[in-house]
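Okay, thanks for letting me take the slot today. Have a look at the screen, and I'll walk you through what caught my eye.

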Amino acid sequence: MDHLINTEQLDRKTVESLFTLADSLEGVRNNSLSGKILATLFYEPSTRTRFSFESAMARLGGAVISTENAKEFSSAAKGETLEDTIRVMNSYADALVLRHPEAGAAERAARVSSIPVINAGDGAGHHPTQALLDVYTIQKSLGKVDGITVALVGDLKNGRAARSLVALLTQFSSISFTLVSPPELKMGSDITDLLTKRGVVFTETDDLSRGTRDADVVYMTRVQKERFPDVDSYERLKGKYVLNRSSADALKETAIIMHPLPRVDELLPEVDASPKAMYFKQASYGVSVRMALLTHLLS
């Protein structure tokens with residue numbers, strides 16, 4: 001694996017190998033990547049993804065060069081193409097983490113890059129490292145991944161985290177999905193076709209209570225304002241699904257609640273005290289999972 005662009009590159013053996021490595025790296029500080037340089041090139045805002053990659057590299061003894069708003073603070077503001085930026089960055093770093101608003105941007109970058117490119121989110125396309133840490137969270141929280149039922153709720157059309165998670169979970173056995181969304185935000189046919197092709201059971205509904213009732217994992221997502229053509233369309237849909245403490249308590253006793261964050265109004269702070277709430281732990285797992293990935297690509 002020279003680059004990580006989408007979850008289709010990850011088979012179960014690779015995922016389990018990365019998870020074993022992540023387990024061994026939790027809380028570790030070492031110099032295994034001393035002398036290596038990671039560039040984080042973000043054309044869209046990020047807190048968890050960018051900082052967890054930078055923290056992961058620092059904990060492994062490597063160095064980081066970074067820009068948090070490449071659209072404004074890189075030569076893109078002068079009209080430089082993404083391809084030219086990547087070619088130049090190849091001279092400065094040993095690996096590159098890229099976030100970009102256009103689906104397919106990471107693949108374009110990888111085509112011209114001689115150093116590993118890691119996709120940190122490309123528009124409504126893919127977010128493979130989020131999917132990795134999400135499955136890792138499920139494994140750590142439930143003790144298994146096979147045989148679970150996952151309810152994904154919210155903006156499934158534009159949510160790259162939800163799309164990537166579904167695709168990665170198809171590598172496991174006897175998974176079933178409930179896709180909860182309004183008709184306007186349904187999961188794309190590319191993902192539902194993949195589920196059908198791989199014989200994965202899934203249902204679609206717009207009813208939050210019905211869709212989450214039997215779930216082992218409830219994966220909430222925000223309605224993504226930045227993907228809407230106008231404010232009115234966003235305002236009409238943003239409050240469609242809200243998980244509060246009473247609805248959290250009504251879930252299966254052993255269920256867990258996840259969210260890729262940031263949240264807006266779809267997951268109320270009163271849920272944070274629930275023993276089912278795993279979303280802050282989920283964010284913390286991003287460090288060890290990304291440490292494992294950087295070790296895999298750069299050692």
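Before I get to the holes in this thing, let me say what I mean by a cavity: it's a set of grid points where a 1.4 Å probe fits but cannot get out. The volume I quote is the space filled by probe spheres set on those points. And please keep in mind that this is a predicted model.

So, with that word in hand: how many cavities of 30 Å³ or more does a search of the whole structure find? Two. The largest has a volume of about 60 Å³. Eleven residues line the largest cavity, and the closest to its centre are Thr221, Val223, Lys238, Tyr241 and Glu266. If you sort that lining by class, you get five nonpolar, two polar and four charged residues.

The second largest cavity comes in at about 30 Å³. What is its lining like by class? Seven nonpolar residues, with no polar and no charged ones. They are Leu18, Phe19, Ala22, Leu132, Val289, Ala292 and Leu293. Helices first: α1 (12–25) and α12 (279–298) each supply at least two residues of that lining.

While we're on α1, let me turn to salt bridges. The count comes to 16. The one I'd like to show you is between Asp146 and Arg12, where the closest N and O atoms are 2.8 Å apart. Asp146 sits in the loop between α6 and β5 while Arg12 is in helix α1, so this pair ties together parts that are 134 residues apart in sequence.

Now the sheets. One is an open sheet of five strands, in the order β7-β6-β5-β8-β9, with parallel pairing. At its edges you find β7 (201–205) and β9 (256–258), each pairing on one side only. On average, neighbouring strands here are turned by 15 degrees against each other, ignoring direction.

Zoom in on the pair β5 and β6. Residues 149–153 of β5 and 176–180 of β6 run parallel and are joined by five bridges. Which residue in β6 is the bridge partner of Thr149? That's Ser176.

Two helices to point out on this sheet. Helix α6 (residues 128–142) packs on it, touching β8 (217–220) and β9, and the α6 direction makes about 165 degrees with that of β9. Helix α7 (residues 160–169) packs on the sheet as well, touching β5, β6 and β8, and its direction makes about 165 degrees with that of β5.

There's also an open sheet of four strands, ordered β2-β1-β3-β4, with parallel pairing. Why is one side of β2 and of β4 left without a neighbour in the sheet? Because β2 (63–67) and β4 (117–122) stand at the edges, each with a single partner strand. The twist from one strand to the next averages 15 degrees. Further in, β1 (residues 37–42) and β3 (residues 95–100) run parallel, joined by five bridges. Leu41 stands opposite Leu98 in β3.

Last stop, a couple of backbone details. The peptide bond from Leu261 to Pro262 is cis, with omega near 5 degrees. You'll find Pro262 in the loop between β9 and α12. Then there's Ser174, in the loop between α7 and β6. Its phi is near 55 degrees, a positive value in a residue other than glycine.

That's my tour, so over to you.

How values were computed. Residues numbered from 1 in each chain as written. Predicted model: local features only at pLDDT ≥ 70, side-chain atom pairs only at ≥ 80, totals over all residues. Heavy atoms only, no water. Pairing = 2+ DSSP bridges. Axes fitted to C-alpha atoms, helices over the stretch in contact; angles between N-to-C directions. Contact = heavy atoms within 4.5 Å. 1 Å grid on protein atoms, 1.4 Å probe; cavity = no way out; pocket = protein on both sides within 12 Å on 5 of 7 lines; lining within 4 Å. Nonpolar A, V, L, I, M, F, W, Y, C, P; charged D, E, K, R; others polar. Salt bridge = Lys/Arg side-chain N within 4 Å of Asp/Glu carboxyl O.
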